[in-house]
Amino acid sequence: MTYPFELIPLPYAHDALEPLIDTRTMELHHGAHLKTFVDNLNNTLAGHPSLHGQTVEELLLNLEKLPQEIQTPVRNFAGGVYNHNMYFAGMAPNAAPLADGELKVAIEKAFGSVEEFLAQYKVAGLSVFGSGWAYLVSDADGNLSIFKTPNQDTPIPAGLTLVVIMDVWEHAYYLLRQNRRAEYIDNWFKVINWQIAETRYANR
Ligand code: MN3
């Protein structure tokens, strides 16, 4: 997908994650917050036709090669599009637990167990100060680690493959959970689409 970028429809209904993630939050998060990132990215690139063949991943990988005046907006808006597309695709209603396989073995190698990974991932999500993201990422050799970014930054410039991505901006949970980020994280763990995570890991 390249310019003009479009709002990718949710792969499930807005109310599909109830009661873990509420309908109104999903409507606003996808239809307003993500839509705004898509529109702002298109507006930023409109006057730069030489960049219209680049994907968001390519834009984010080559930020320092972009015209100086659009480096910050592309970092924020392309990052917002990338992170949110991965976030929404990475959730599923009635999500199944992580099955036995390559990713589970790698998680057990890195963290000891899936439960211990989730415990450390929760701590990481809680420790993001202000707005940002917490990820499970892989290097090219398949070694997993927990990664965090502020704002709409991504793991792409670090050369890491995103496997699981959790939005800890307040807009992801404030309507239902108010300031209780820990409660959001506990419930969000139940909507992780582990099949997508396995695919991302296999394609690293
Ligand atoms: Mn968000």
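**Questions on a predicted manganese-bound model**

Visitor: Between which two helices does the loop that holds glutamine 178 lie?
Guide: Glutamine 178 belongs to a loop of this predicted model. The helices on either side of that loop are α6 (174–177) and α7 (181–188).

Visitor: Is glutamine 178 buried, partly exposed or exposed?
Guide: Phi of glutamine 178 is near 50°, a positive value in a residue other than glycine. Its relative accessible area is 30%. Buried means under 20% and exposed means over 50%, so glutamine 178 is classed as partly exposed.

Visitor: Is asparagine 94 buried or exposed?
Guide: Asparagine 94 is placed in the loop between α3 and α4 (102–111). Although asparagine 94 is not a glycine, its phi is positive, about 50°. Its relative accessibility is 80%, so asparagine 94 counts as exposed.

Visitor: Which atoms of the protein are donors of the manganese ion?
Guide: Along the chain, the donors follow the spacing H-x54-H-x82-D-x3-H. They lie 2.0 to 2.2 Å from the manganese ion. The donors are His29 (NE2), His84 (NE2), Asp167 (OD) and His171 (NE2).

Visitor: How many residues apart in sequence are the parts tied together by histidine 84 and aspartate 167?
Guide: Both residues are donors of the manganese ion. Histidine 84 lies in helix α3, whereas aspartate 167 lies in strand β3 (residues 161–167), so the pair ties together parts separated in sequence. Histidine 84 is buried because its relative accessibility is 0%, and aspartate 167 is buried with a relative accessible area of 0%. The separation in sequence of the parts they tie together is 83 residues.

Visitor: Over how many bridges do β1 and β3 pair?
Guide: Strand β3 is mostly covered, with six of its seven residues buried. One bridge partner in β3 is threonine 161, which is matched with serine 138. Strand β1 (residues 132–138) pairs with β3 in the antiparallel sense, and the number of bridges is six.

Visitor: How far apart in space are glycine 79 and glutamine 152?
Guide: Glycine 79 is placed in helix α3 (residues 68–89) and counts as buried because its relative accessibility is 0%. Leaving aside neighbours within four places in sequence, its contacts are Leu60, Val74, Gln152 and Thr154. Glycine 79 and glutamine 152 are 73 residues apart in sequence, yet the distance from C-alpha to C-alpha is 5.1 Å.

Visitor: Which backbone oxygen lies 2.7 Å from a polar atom of the side chain of threonine 44?
Guide: Threonine 44 is found in helix α1 (residues 23–45). Its relative accessibility is 15%, so threonine 44 counts as buried. Not counting residues up to four places away in sequence, threonine 44 touches Ile70, Pro73, Val74 and Phe77. The backbone oxygen at 2.7 Å from the polar side-chain atom is that of asparagine 40.

Visitor: Which residues touch the most other members of the largest nonpolar core?
Guide: This core has 61 residues, and its largest share, eight residues, comes from α3. Isoleucine 107 has contacts that include Leu98, Val114, Phe117 and Trp194. The members that touch the most others are Ile107, Tyr184 and Trp188.

Visitor: What is omega at the cis peptide bond between glutamate 18 and proline 19?
Guide: Proline 19 lies in the segment before α1, and proline 4 is also placed in the segment before α1. A cis peptide bond joins tyrosine 3 and proline 4, with omega about -10°. At the cis bond joining glutamate 18 and proline 19, omega is about -5°.

Technical notes:
Residues numbered from 1 in each chain as written. Predicted model: local features only at pLDDT ≥ 70, side-chain atom pairs only at ≥ 80, totals over all residues. Heavy atoms only, no water. Helix = DSSP H or I, 4+ residues; strand = E, 2+ residues; numbered from the N terminus. Buried < 20%, exposed > 50% of the residue type's maximum accessible area, 1.4 Å probe, protein only. Contact = heavy atoms within 4.5 Å. Core = buried A, V, L, I, M, F, W, Y, C linked by side-chain atoms within 4.5 Å. Polar contact = N/O pair within 3.5 Å; in protein donor to acceptor, adjacent residues only side chain to side chain. Donors = N, O, S within 2.8 Å, 3.2 Å for Na, K, Ca; no water. Pairing = 2+ DSSP bridges.
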